[in-house]
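This report describes the chain architecture, nonpolar cores, salt bridges and one covered helix of the structure shown below. The model under discussion is predicted.

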Amino acid sequence: MRDLGGGKTMARYLLLRLADAVPTILLVLTLVFIAMRILPGDPAIAALGDMATPEQLELFREKMGLNAPLWLQYINFVWGMLTLDFGRSLMNNQSVLALIAYNLPYTIELTIVAMILGVGFGIPLGVLAATHRNKAADNAVRGFSLLGYAVPDFYLGALLLITFSLNLGWFPINGGGEGFFDRMHHVFLPAVTLALVKAAFIGRLTRTSLLEVFGKDYIRTARAKGAREPRVIYRHGLRNALLPLTTGIGLSTLATLSGSVAIELVFNRPGIGKLLISAISERDYAVIQGGVVIFSLFVVLINLLMDLVYIVVDPRIRVQ
Amino acid sequence: MTVPLLKVDNLAVEFGPKANPIRVVDGVSFEIPPAGAVGIVGESGSGKSITSLSILRLISEPPGRIVQGRIEFNGVNLLDLPRSEMPDIRGRDIAMIFQEPMSSLNPVMTIGDQIGEAIKLHEDMPGEKRRERVIEMLRLVGIPDPAGRLDSYPHQFSGGMRQRVMIAMALVCNPKLLIADEPTTALDVTIQAQVLDLMHKLRRTLNTAVLLISHDLGVIADVCERVVVMYAGRVVEEADIRSIFRNPQHPYTRGLLQSIPKLDDDRDRLYQIPGSVPLAGSVKKGCPFYQRCSLRIDKCAQEMPPMFSFGPDQRAACWVTAGQADAKAKEVAL
């Protein structure tokens, strides 16, 4: 029954959004390129060690294209990234693409589970707080949120790890797991760690947006036509509060991605964050480059996804 | 005399902390006969909207609360009903439309769904029939191509059209009473006239009683048979339309009438009642209009005047005019 504003306008909107993403991606690539060039330390020395002879270093630079003029390096770099040719790890000569392909699913898995838990707890908490404004439930949710904001995720992760994995032995201590159930078993604690902050943030946001929506005239209209409270809250209230919530959830997803760096390290599980950290400590420029680019692409992708969700949530964007 | 459809009796509404409440509606009484039309007129802050919201018990508590009085609908005191029974009455027996058509419709639901929801809440009707009913209702309120507009969203309608949609939504369950709180205030004058015409037409076809809230006596005269004049939370005069215009008894009503611009006016400045409405609940003693009244006597500052009867269809709360009319005016027992 619901018309999504005609296939044509929809497709046009999507194309426009995609076109918007292109300069963003180019900008990201340029920034990564510049950052890698201004980092202190010589990648050749970093890769071959202090004992390398000048000839060996020269050979390495030639091989890596580090001797070419900067603009040529830039074009080669951008072209390589766009064709997903991230080069090979300076440490073990593995294809960076293969390293990313192995690690990426773990990070995505962690992000998705953390988001599901965070949103799944955050929204009901927010509804509870908004519908019991200034009562005990609201204060309890406020306390929880404060805690969620205040406790650093790596610290909470360590606490959970010590309690549930080390002492109680309910969850594995490290690794990513094999097969769906084992992987879910492995991802649970790290996801809960990230989800606590999510839930705190989304809970607050839900409360604020809902309270604002509750003051709107159409909520009074809904009551005046005989809708009971649950219907008023969920169908009319929450449905409208979803607009600001979408933005918040999108931003929070981005935060989860960056949060996963520390969490993957604490729980010693594979993932892009872990890959990046070890690459940085080993000055594995090729891997750092690939990892940062993939991370950035994710940010662009999530922004694009948010735009799509907006279309679904807000008819006013849909029909224009 | 017929049994009234709605009888509001000595209603009082307070806001703010219980220890230091502000009484924004005090001792308000009026009646609406079945299929009748009554208007409430008053300035902003006179308590007319709060009165209308109280009937459906839509005042948010806290901070507001109804502290005394009865609201009888078909003989049942709505204030005695458990809160959980009010939704059954809202929309089905008593429907309400509001001042702001731009913001009174849910922006993320199609208007077909919003009107359909009103039916779904009160009647067991299969989807196809419900759809037909919605289309029929939209046609009745004058939306062109109603079947084609079902899936439109509120932002695709103009203000006047949205108010028509609101009216369609309010009347779709055939309520016995429609409360319209400033339904035309936010609209252009031409659209205002169209919406008033529509309300006229619907009253005749559907036999719905109307309680029309407005600050505009002209609008009320257009639709209603009786009018209740409110000032600072109190009813100061109540009469049939003819008496109000021909022979207003309360100085405030007289002031209101004088400040209506007339086509053959050659005054440079319009009349205005001197002073401004006292803050809600600030008048503790005497007549709330005392400060601005041109007829005031000392007694007015001391004692709140009761309602005096000026003939069968007119009552007003004024010591002075009641004294002038003395033989005929009788104090009405509350």
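## Domains of chain B

In this predicted model, the centres of domain 1 and domain 2 of chain B, taken over C-alpha atoms, are separated by 28 Å. The contact between them draws on 16 residues from domain 1 of chain B and 16 residues from domain 2 of chain B. According to the domain assignment, domain 1 covers 6-230, while domain 2 is made up of 239-263 + 272-331.

## Overall form of chain B

Chain B contains twelve helices and 13 strands. The C-alpha trace of chain B spans about 65 × 50 × 40 Å along its principal axes. Its radius of gyration is 21 Å, in agreement with the value near 20 Å expected of a compact globule with 334 residues.

Of the 334 residues in chain B, 52% are buried. Among contacts in chain B with a separation of 6 or more, 63% join residues 24 or more positions apart. The exposed area of chain B is about 15000 Å², and carbon and sulfur atoms supply 50% of that area.

## Nonpolar cores

The largest nonpolar core has 102 residues, of which Phe30(B), Leu177(B) and Leu211(B) touch the most other members. Helix H6 (residues 159-171) of chain B provides the largest share of this core, with seven residues. The core lies between domain 1 (6-230) and domain 2 (239-263 + 272-331) of chain B, because both domains give residues to it. Apart from this core lies another one of 35 residues, including Val28(A), Leu57(A), Ile294(A) and Met306(A).

What does Leu177(B) touch, not counting residues up to four places away in sequence? Its partners include Leu5(B), Leu6(B), Ile32(B), Phe73(B), Asp93(B), Ile94(B) and Ala95(B). Leu177(B) also touches Thr208(B), Ala209(B), Val210(B) and Leu211(B). Leu211(B) is thus both a partner of Leu177(B) and, with Phe30(B) and Leu177(B), one of the residues that touch the most other members of the largest core.

## Salt bridges in chain B

Over all chains, the structure holds 24 salt bridges. Some of them link Glu14(B), Arg23(B), Asp26(B), Arg65(B) and Arg234(B) in a network.

Within this network, Arg65(B) forms a salt bridge with Glu14(B), and the closest N and O atoms are 3.8 Å apart. Arg65(B) belongs to strand E4 (residues 64-73) of chain B and Glu14(B) to strand E1 (residues 6-15) of chain B, so the pair ties together parts that are 51 residues apart in sequence. Both partners are buried: Arg65(B) has a relative accessibility of 13%, and Glu14(B) has a relative accessible area of 12%.

Asp26(B) and Arg234(B) also meet through their side chains in a salt bridge, at 3.0 Å from N to O. This pair links distant parts of the chain, with Asp26(B) in strand E2 (residues 22-32) of chain B and Arg234(B) in strand E10 (residues 234-240) of chain B, 208 residues apart. Asp26(B) counts as buried at 18% relative accessibility, whereas Arg234(B) is partly exposed, with a relative accessible area of 23%.

## A salt bridge within a helix of chain A

In chain A, the side chains of Arg142(A) and Asp138(A) form a salt bridge of 3.6 Å, N to O. The two residues are four residues apart in helix H6 (residues 136-150) of chain A, so about one helical turn separates them. An α-helix has 3.6 residues a turn, so residues three or four places apart point the same way.

Is each partner buried or partly exposed? Asp138(A) is buried, with a relative accessible area of 0%. Arg142(A), by contrast, is partly exposed at 31%.

## Helix H9 of chain A

Helix H9 (residues 217-224) of chain A is mostly covered, with six of its eight residues buried. These buried residues are Asp217(A), Tyr218(A), Ile219(A), Thr221(A), Ala222(A) and Ala224(A).

The buried residues of H9(A) pack against two helices of chain A, namely H8 (180-214) and H10 (229-266). They also pack against elements of chain B, strand E6 (94-97) and helix H6. Just after H9(A), Gly226(A) adopts a positive phi of about 105 degrees.

Methods:
Residues numbered from 1 in each chain as written. Chains lettered and ligands numbered in written order. Predicted model: local features only at pLDDT ≥ 70, side-chain atom pairs only at ≥ 80, totals over all residues. Heavy atoms only, no water. Core = buried A, V, L, I, M, F, W, Y, C linked by side-chain atoms within 4.5 Å. Buried < 20%, exposed > 50% of the residue type's maximum accessible area, 1.4 Å probe, protein only. Domains from an automatic or database assignment. Contact = heavy atoms within 4.5 Å. Salt bridge = Lys/Arg side-chain N within 4 Å of Asp/Glu carboxyl O. Rg over C-alpha atoms; globule rule 2.2 N^0.38 Å. Areas by Shrake-Rupley, 256 points an atom, 1.4 Å probe, with all protein chains shown as cover.
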